[in-house]
Amino acid sequence: MEKEIIEGRQGEVLLRQSANQNSKKLFLESYGCQMNFSDSEIVASILQQEGYDTTNQLEEADLILLNTCSIREKAEQTVRKRLSQFNSLKKRNPKLTIGVLGCMAERLKTKFLDEEHLVDLVVGPDAYRDLPNLLQDTDDGRNAINVLLSKEETYADISPVRLGGNGVTAFVTITRGCDNMCTFCVVPFTRGRERSRDPHSILKECEELARNNYKEITLLGQNIDSYLWYGGGPKKDFNKASELQKATAINFAKLLDLVASSNPKIRIRFSTSNPQDMSEDVLHIMAKHKNICKYIHLPVQSGSTTVLQRMNRQHTREEYIELVDKIRKIVPECAISHDMIAGFCGETEEEHKETLSLMEYANYDFGYMFSYSERPGTPAHKKMTDDVPLETKKRRLAEIIELQQKLSLQRMKTYVGKSHEVLIEGTSKKREDQWYGRISQNAVVVFPKKDNTKIGDFVKVKAIQCTSATLIGEQE
Ligand code: SAM
């Protein structure tokens with residue numbers, strides 16, 4: 001298998017992957033969050049049964065699928081631009097099928113077929129099992145669409161084809177959908193109601209990864225701490241469950257404990273944590289297991305309680321600070337990162353300053369920072385005004401980024417001079433003679449290769465220098 005990462009930022013990452021065996025060729029490109037990359041592995045598995053192998057050669061593809069992201073307008077523009085590049089291919093090969101998957105497919109539905117004439121196939125995130133039928137339609141010359149959202153679908157029984165990876169780190173999806181209804185966010189509309197996956201199937205997938213020599217598993221969900229298995233069905237229906245179901249339900253802390261203890265030689269990460277759902281129990285489980293990485297991605301979006309209220313986030317600034325304090329107390333060596341939105345509807349200069357001061361308080365290792373992008377159909381679009389001028393959004397975002405760079409550098413300096421366990425993930429992009437990997441706190445480290453080391457090894461590396469983004473080390 002081969003992989004090529006074309007751009008590397010959250011929201012705009014894309015990956016090409018390839019493997020060879022079957023007779024038909026699938027070119028599959030993924031955009032957006034880790035969940036999309038994980039979903040693409042499910043899609044590849046379903047289509048492998050239909051005779052498709054993935055290719056990274058556009059020209060030889062019988063089927064091109066883009067797994068898309070809708071989170072910001074720019075993400076959608078990227079996909080539109082990419083689609084326009086397929087025009088000449090389609091002219092040369094009229095039998096070529098072009099399909100759009102994921103959040104943009106779900107958001108635009110039939111509009112996609114109206115607006116982008118070269119698209120033959122539109123499939124939402126809960127309808128991938130229907131791909132073989134839909135492809136039958138496109139083979140017969142008809143456009144095909146399925147954007148039905150499901151309350152149950154978790155693809156629990158599908159063994160993902162590990163695409164384009166390094167063979168040592170893998171994603172395992174444990175929840176789908178989101179019930180949070182943050183006013184800025186399109187996810188509840190594109191990925192449906194929140195539901196959790198059967199823990200047995202999660203453990204089975206982790207065991208299989210361990211058998212195949214994987215060394216790190218990242219459990220994935222839009223709101224991972226909200227995981228709750230009570231026999232299947234949407235989280236919102238838990239109150240209707242029987243007493244027995246309630247008594248035997250498995251929450252995220254229990255699941256994390258199970259995954260970590262049944263795979264002691266594998267590093268465990270998880271993402272994304274919504275502050276209101278992160279329990280103290282999870283922190284104690286993190287502290288208990290050496291193999292759970294000491295890193296929490298804890299999006300806050302704003303440091304101002306009034307903005308958080310307008311965003312319909314279920315916590316205040318003070319509650320978030322309390323949580324950060326708890327993390328620092330229970331898991332002292334834990335790194336914390338954030339997502340932040342600059343210039344949400346009605347944001348004042350005072351509110352923006354509260355964001356900056358929260359960042360200083362939390363002393364974040366890292367952040368994904370965005371300016372607010374109004375998304376059609378969201379509560380903010382329907383009920384609020386996107387009234388912060390573009391120039392102000394840009395300036396505030398620049399201030400947030402500048403501060404984060406300062407904080408990141410400070411945090412990185414605390415890792416210098418210390419020895420870290422590092423999982424070797426690959427060759428450094430800049431230097432053929434250096435490895436790159438990550439420490440438990442998720443910071444990337446590069447260091448000279450030693451003869452007897454290989455991808456997948458855990459090695460001790462002493463950090464000797466740093467930038468705000470990378471540690472430079474040497475193997476001990
Ligand atoms: N489930 C997580 C949460 O709610 O905190 C992450 C959701 S989203 C896939 C990833 C990030 O994109 C969000 O945390 C938020 O910072 C950003 N985002 C979502 N909607 C946005 C919008 N309309 N404009 C700008 N950024 C947005």
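## Helix packing, ligand contacts and two backbone features

In this predicted model, Y155 is found in the loop that runs between β8 (144-146) and β9 (169-173). Although Y155 is not a glycine, its phi is positive, at about 55°. A second backbone feature concerns the peptide bond from S271 to T272, which is cis, with omega near 10°. Of these two residues, T272 lies in the loop between β15 (267-271) and α11, and the helix α11 returns below as a partner of α10.

### Three pairs of helices

Two packed helices are described by the angle between their axes and the distance between the axes. The table sets out these values for three pairs.

| Helix pair | Axes come within | Crossing angle |
|---|---|---|
| α8 (residues 199-211) and α10 (residues 252-262) | 10 Å | roughly 25° |
| α10 and α11 (residues 280-288) | 8 Å | roughly 15° |
| α14 (residues 349-362) and α16 (residues 390-415) | 10 Å | roughly 15° |

How are α8 and α10 oriented, roughly parallel or roughly antiparallel to each other? Their axes cross at roughly 25°, and because angles under 35 degrees count as roughly parallel, α8 and α10 are roughly parallel to each other. The crossing of these two helices is right-handed. On the α8 side the contact involves P199, I202, L203 and C206, which meet L255, L258, V259 and S262 of α10. Sorted by class, this contact of α8 with α10 holds seven nonpolar residues and one polar residue, with no charged residues.

Helix α10 also takes part in a contact with α11, where F252, A253, L256 and D257 of α10 meet D281, V282, I285, M286 and K288 of α11. By class, the contact of α10 with α11 comprises six nonpolar and three charged residues, and no polar ones. The axes of α10 and α11 cross at roughly 15°, and these two helices are therefore roughly parallel to each other, with a right-handed crossing.

The remaining pair is α14 and α16, whose axes cross at roughly 15°; that makes α14 roughly parallel to α16. Here, too, the crossing is right-handed. From α14, the residues E349, H352, T355, L356, M359 and E360 make the contact, and from α16 the residues R395, R396, E399, I400, L403, Q404, K406 and L407 do so. Divided by class, the residues of the contact of α14 with α16 are five nonpolar, three polar and six charged.

### Around the ligand

Which residues come nearest to the ligand? There are 16 residues around the ligand, and of these F184, Q222, Q301, D339 and S373 come nearest. Some of these residues can be described through individual atoms. For F184, a backbone N or O atom lies 3.1 Å from a nitrogen atom of the ligand. In the case of Q222, a polar backbone atom is 2.6 Å from a nitrogen atom of the ligand. For Q301, by contrast, a polar side-chain atom lies 2.7 Å from an oxygen atom of the ligand.

How values were computed
Residues are numbered from 1 along each chain as its sequence is written. This is a predicted model: local features need pLDDT of at least 70, side-chain atom pairs count only at pLDDT 80 or more; totals for chains, interfaces and linings use all residues. Side-chain values use heavy atoms; hydrogens and water are left out. Axes are lines fitted to C-alpha atoms, for helices over the stretch in contact, and angles run from 0 to 180 degrees between N-to-C directions. Helices (H or I, at least four residues) and strands (E, at least two) are DSSP runs, numbered from the N terminus. Angles under 35 degrees count as roughly parallel, over 145 as roughly antiparallel, 65 to 115 as roughly perpendicular and the rest as oblique. A crossing is left-handed if the near helix is turned anticlockwise from the far one by less than a right angle, and right-handed if clockwise. Contact means heavy atoms within 4.5 Å. Ala, Val, Leu, Ile, Met, Phe, Trp, Tyr, Cys and Pro count as nonpolar, Asp, Glu, Lys and Arg as charged, and the others, Gly among them, as polar. A residue is near a molecule or strand if one of its heavy atoms lies within 4 Å of it. A polar contact is a pair of N or O atoms within 3.5 Å; within protein, one must be able to donate a hydrogen and the other to accept it, and residues adjacent in sequence count only if both atoms are side-chain atoms.
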